[in-house]
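Hi everyone, thanks for coming. Could you put the structure up on the screen, please? I'll talk you through a few parts of it.

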Amino acid sequence: MSGEQKQLLHIDELSVDRAGLPIVRDASLTVEAGKITVLLGANGAGKTTLLDGLSGAARSRAGRVLLDGEDIARLRPARRARAGLAHVEQGRTVFRNLSTIDNLRVGLHPESAIPEAFTLFPELEKRRDVAAGLLSGGEQQMLVIARALVGAPKVLLIDEMSLGLAPIVIQRLMRAVRDLADRKGVGILLVEQFAHLALAVADRAYVLSRGEVVYDGAPAALRGDEELLRRLYLGEAATPPAAVA
């Protein structure tokens, strides 16, 4: 997409605690409409805690979370969701005894929103009457993303959607996320362990190290510099290279 994009989500110096301990400190980042922002970092860097702080699943101690211009940092999770923030957490949580179609109906969203989910994932339409517990891991991941989309979110937070999946399935999911941003204008914040696959579809990249943002810039710069990526993951680059918007 070309031209100036609308900022849907802006995080300003957000600090988030977990079990009473400070995990994320003064993090700032932006997610634009129709763009994929990827958040990378080593295990334990604070990526999941940051997403939980955005959705309200973890307590933010300081800072602002602006969703389409409204500060939602003090709202309960349900109100954040109604404001247009959807969170796909780790673990592919589905209602295992319900069919695929009934999983999509959970949440009292309009039935008319379901065809769009099947447009994004036609694999699910073929399995619409199958119990979610009988779906493959990749199909379950499609289902939890599709279920989030039925609520027509402005911004979608996705945490480690590739966990435990085969590379060919991960590539399919990456294409779907890219299609979702391009066609629907949804802003996407993607936490991902497969850095190069995520950077290939991303428009902007951040790296989190020990709870602090140490890189904000172009995905291509990270894709083309293995040493830079390694140093950022290890927290060895205290001052990031020149960032680009």
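First, a bit of vocabulary: a residue is buried under 20% relative accessible area, exposed over 50%, and partly exposed in between, using a 1.4 Å probe and protein chains only. Keep in mind that this is a predicted model, where local features need pLDDT of at least 70, side-chain atom pairs count only at pLDDT 80 or more, and totals for chains, interfaces and linings use all residues. Residues are numbered from 1 along each chain as its sequence is written, and side-chain values use heavy atoms, with hydrogens and water left out.

So where does Val106 fall? At 32% relative accessibility, Val106 is partly exposed. Val106 sits in the loop between helix 3 (100–105) and helix 4 (114–120); helices here are DSSP runs of H or I, at least four residues, and strands are runs of E, at least two, numbered from the N terminus.

Now helix 7, residues 167–184. Its 18 residues should span 26 Å at 1.5 Å a residue (that's 1.5 Å times one less than the number of residues), and the end C-alpha atoms are 25 Å apart, which agrees. Its buried residues include Ile170, Leu173, Met174 and Val177. After helix 7 comes Gly185, with a positive phi near 75 degrees.

Last, the sheet. It is open and mixed, with 6 strands in the order 6-7-8-3-9-10; strands pair if DSSP finds at least two bridges between them. Strand 6 (85–88) and strand 10 (212–217) are at the edges with a single partner strand each, so one side of each has no neighbour in the sheet. Strand 9 (residues 204–209) and strand 10 run antiparallel, joined by 5 bridges, and Ser209 has Glu212 in strand 10 as its bridge partner.
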